[in-house]
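Biologist: Please take a close look at one part of this model, the site of the bound ligands, and describe what surrounds them.

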Amino acid sequence: MALERAQETAEGIAFERAYGLPRALRDGCFLLEIPPEIDLTPGIELSRQFYRPLQDGPEETRPYRGFRDLEGIYFDREHFQTEHLLIDGPARRQHFPPDVMAMTDRMHGLAVHVLRTVLTHLGVPGHLWPTLTGNAVEGGGIQWFAANHYRPERAQLGCAPHKDTGFVTVLYIEQEGLEVRVDGGWTPIEPVPGYFVVNFGAAFELLTRRLATPVQAILHRVQHCTPSGDADRFSFAAFVNPPADGLLYQVHADGAAAAARSSKEFLREFNEKTWSDQYEDFGISGATA
Ligand SMILES: O=C(O)CCC(=O)C(=O)O
Ligand SMILES: [Fe+2]
């Protein structure tokens with residue numbers, strides 16, 4: 001599938017083609033040029049190491065290992081190839097080396113930029129943004145980060161079909177396997193060197209559902225992955241989400257806004273439906289997972 005392409009500018013996100021942005025909203029995803037000053041090596045190193053024991057490798061890569069025992073941060077998805085870290089901002093500051101932090105901060109900054117650009121395009125009044133997004137427009141809400149490792153020895157699907165839960169996801173991939181649901185079939189998204197894949201999530205879909213040009217949250221999955229050469233498939237992503245203990249909103253064309261449902265209820269439903277495993281309280285504040 002040929003996705004729209006965009007790049008970051010001082011003002012926001014600029015699409016290469018006229019109507020690129022409305023098309024991206026309909027597609028549910030687009031390609032965003034990786035700004036040249038972002039160093040992705042720390043994310044790549046982390047994704048290749050996080051599941052290994054501390055002593056399993058050279059000393060200089062030790063800060064990227066040993067995450068398997070961190071309960072509530074490391075997840076073994078028993079029905080899928082993926083094992084991943086899902087970690088919020090405060091926990092990142094506690095557990096991540098500074099170079100990974102710098103990279104994730106920059107990726108989250110890009111995601112916020114996308115969120116603001118789309119809200120502007122849709123004509124959502126600026127004074128409503130903080131309420132409607134749980135302040136995600138200002139770096140509030142929850143900024144999740146995920147590092148995914150697809151275990152080659154597992155004869156399973158790579159990752160469950162799902163929509164990301166929040167507003168905007170900035171995803172880094174360099175191997176095939178990602179597929180999106182289009183017209184009842186699964187269409188591959190090829191990795192394009194130099195570009196992130198940006199997805200719109202379920203909270204954004206819900207927020208804009210009553211508008212003339214709603215945002216589509218893209219349903220996606222990862223195929224069963226076989227390693228290319230000696231490298232297992234990996235990916236990493238920055239997610240800009242609403243707070244987990246608040247409300248999800250819907251905005252109308254006349255600017256009226258109303259709470260649509262509670263984040264908690266929405267997330268519990270998502271976890272059960274997507275993963276069918278023991279982590280059904282993941283991401284739900286106040287719940288003991
Ligand atoms: O690994 C991929 O290509 C997709 C990962 C993903 O969908 C996610 O982390 O939400
Ligand atoms: Fe996803």
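Modeller: A residue is counted as near a molecule if one of its heavy atoms lies within 4 Å of it. In this predicted model, ligand 1 is surrounded by Asn148, Tyr150, His162, Asp164, Ile173, Leu178, His220, Val222, Arg233, Ser235 and Phe239. By character, this shell divides into five nonpolar, four polar and two charged residues.

Polar contacts come next. Asn148 has a side-chain N or O atom 3.2 Å from an oxygen atom of ligand 1. The side chain of His162 likewise places an N or O atom 3.2 Å from an oxygen atom of the ligand, and a polar side-chain atom of Asp164 lies 3.2 Å from an oxygen atom of ligand 1. On its own, ligand 1 has 290 Å² of accessible area, of which the protein covers 95%. The space that ligand 1 takes is the largest cavity. Two or more residues of the shell around ligand 1 come from each of the elements β6 (142–150), β12 (220–222) and β13 (234–241).

The metal site involves residues already named. The iron ion (ligand 2) has as its protein donors His162 through NE2, Asp164 through OD and His220 through NE2, lying 2.1 to 2.2 Å from the ion. Along the chain, the donors of the iron ion follow the spacing H-x1-D-x55-H. Because His162 lies in strand β7 (residues 159–162) and His220 in strand β12, the pair ties together parts that are 58 residues apart in sequence. His162, Asp164 and His220 thus appear both in the shell around ligand 1 and among the protein donors of the iron ion.

Note on methods. Residues are numbered from 1 along each chain as its sequence is written. Chains are lettered from A and ligands numbered from 1 in the order in which they are written. This is a predicted model: local features need pLDDT of at least 70, side-chain atom pairs count only at pLDDT 80 or more; totals for chains, interfaces and linings use all residues. Side-chain values use heavy atoms; hydrogens and water are left out. A polar contact is a pair of N or O atoms within 3.5 Å; within protein, one must be able to donate a hydrogen and the other to accept it, and residues adjacent in sequence count only if both atoms are side-chain atoms. Accessible areas come from the Shrake-Rupley method with a 1.4 Å probe; for residues, only the protein chains shown count as cover. On a 1 Å grid over the protein atoms alone, a cavity is a set of points where a 1.4 Å probe fits but cannot get out, and a pocket is an open set with protein on both sides within 12 Å along at least five of seven lines; lining residues have an atom within 4 Å of a point. A molecule sits in a cavity or pocket if more than half of its atoms lie within 2 Å of its grid points. Helices (H or I, at least four residues) and strands (E, at least two) are DSSP runs, numbered from the N terminus. Ala, Val, Leu, Ile, Met, Phe, Trp, Tyr, Cys and Pro count as nonpolar, Asp, Glu, Lys and Arg as charged, and the others, Gly among them, as polar. Donors are N, O and S atoms within 2.8 Å of the metal (3.2 Å for Na, K and Ca); water is not among the atoms, so sites may look incomplete.
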